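Look at the fold below and follow the chain from one end to the other. The paragraphs after it take the sheet, then the helix packed on the sheet, then the core.

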Amino acid sequence: MKNKKYIILVVLFFAAINFVNAKSDGGSDAQEVLHSIVKGMLQNSISSFSSYLSDNCYISLNNGTIGYYTTSQSYYIFENYFSQYKVTDIKFNEIKKSTLSYNASGIVKYNFNGSKYECRIFVSLKTSSGLWYISQIMIN
């Protein structure tokens with residue numbers, strides 16, 4: 001009986017730690033996802049952020065691509081897009097955080113067919129089981 005109480009206490013302790021971690025602001029985890037997105041776009045390395053793509057990710061790009069896509073589809077859409085649109089700079093200047101979502105918007109500078117362009121970027125992250133996922137990326 002004493003061992004059973006000890007095991008229950010240990011299980012409750014670890015469950016409480018996981019609950020606190022999952023319910024925390026999550027800013028550093030969401031910031032890590034944003035950093036991975038920036039790194040991947042600047043280096044044309046989709047694999048830098050592809051593990052964060054949700055399975056029903058909404059994508060809207062200035063090349064006419066719009067819709068909800070699976071993780072695999074999103075990977076190839078971004079791979080194709082960033083092979084043509086060479087990102088030179090990204091700055092997120094507005095970030096809104098809540099317990100379950102994280103939204104960032106800013107400016108993307110890129111080269112396309114030898115010309116320089118600038119447009120807006122919007123990224124929406126959602127959390128599930130304490131992990132952050134990309135639910136939307138819009139570059140327009």
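Two strands count as paired if DSSP finds at least two bridges between them. In this predicted model, strands E3 and E4 are joined by 10 bridges and run antiparallel. One of the facing positions pairs Phe92 with Gly106 in E4. Three residues lie between the two strands, and together E3 and E4 make a hairpin.

The hairpin belongs to a wider arrangement. The protein chain contains three helices and six strands, and along the sequence they come in the pattern α-α-β-β-α-β-β-β-β. The six strands form an open sheet with mixed pairing, and their order across the sheet is E2-E1-E6-E5-E4-E3. Why do strands E2 and E3 each have one side without a neighbour in the sheet? E2 (66-69) and E3 (86-97) stand at the edges and have a single partner strand each, so one side of each is left free of a neighbour in the sheet. From one strand to the next, the twist averages 20 degrees.

Another antiparallel pair in the sheet is E5 (residues 115-128) with E6 (residues 131-139), joined by eight bridges. Within this pair, Val123 has Ile137 in E6 as its bridge partner. Strands of a sheet pair through backbone hydrogen bonds, in either a parallel or an antiparallel way.

Helix H3, residues 71-84, packs on the sheet. This helix touches strands E1 (53-61), E2, E3, E4 (101-112) and E6. The direction of H3 makes about 35 degrees with that of E1.

Next comes the interior. The largest nonpolar core has 33 residues, and those with the most contacts inside it are Met41, Phe49, Phe78, Leu125, Ile134 and Ile139. Helices H2 (27-42) and H3 give two or more residues each to this core, as do strands E1, E3, E4, E5 and E6. The largest share, six residues, comes from H2. Ile139 shows how distant parts of the sequence meet: leaving aside residues up to four places away in sequence, its contacts include Met41, Leu61, Tyr81, Phe82 and Ile121.

Some totals describe the chain as a whole. Of its 140 residues, 36% count as buried. Among contacts between residues at least 6 apart in sequence, 44% join residues at least 24 apart. The chain exposes about 8,500 Å², of which carbon and sulfur atoms supply 55%.

Terms used. Residues numbered from 1 in each chain as written. Predicted model: local features only at pLDDT ≥ 70, side-chain atom pairs only at ≥ 80, totals over all residues. Heavy atoms only, no water. Helix = DSSP H or I, 4+ residues; strand = E, 2+ residues; numbered from the N terminus. Axes fitted to C-alpha atoms, helices over the stretch in contact; angles between N-to-C directions. Contact = heavy atoms within 4.5 Å. Core = buried A, V, L, I, M, F, W, Y, C linked by side-chain atoms within 4.5 Å. Buried < 20%, exposed > 50% of the residue type's maximum accessible area, 1.4 Å probe, protein only. Areas by Shrake-Rupley, 256 points an atom, 1.4 Å probe, with all protein chains shown as cover.
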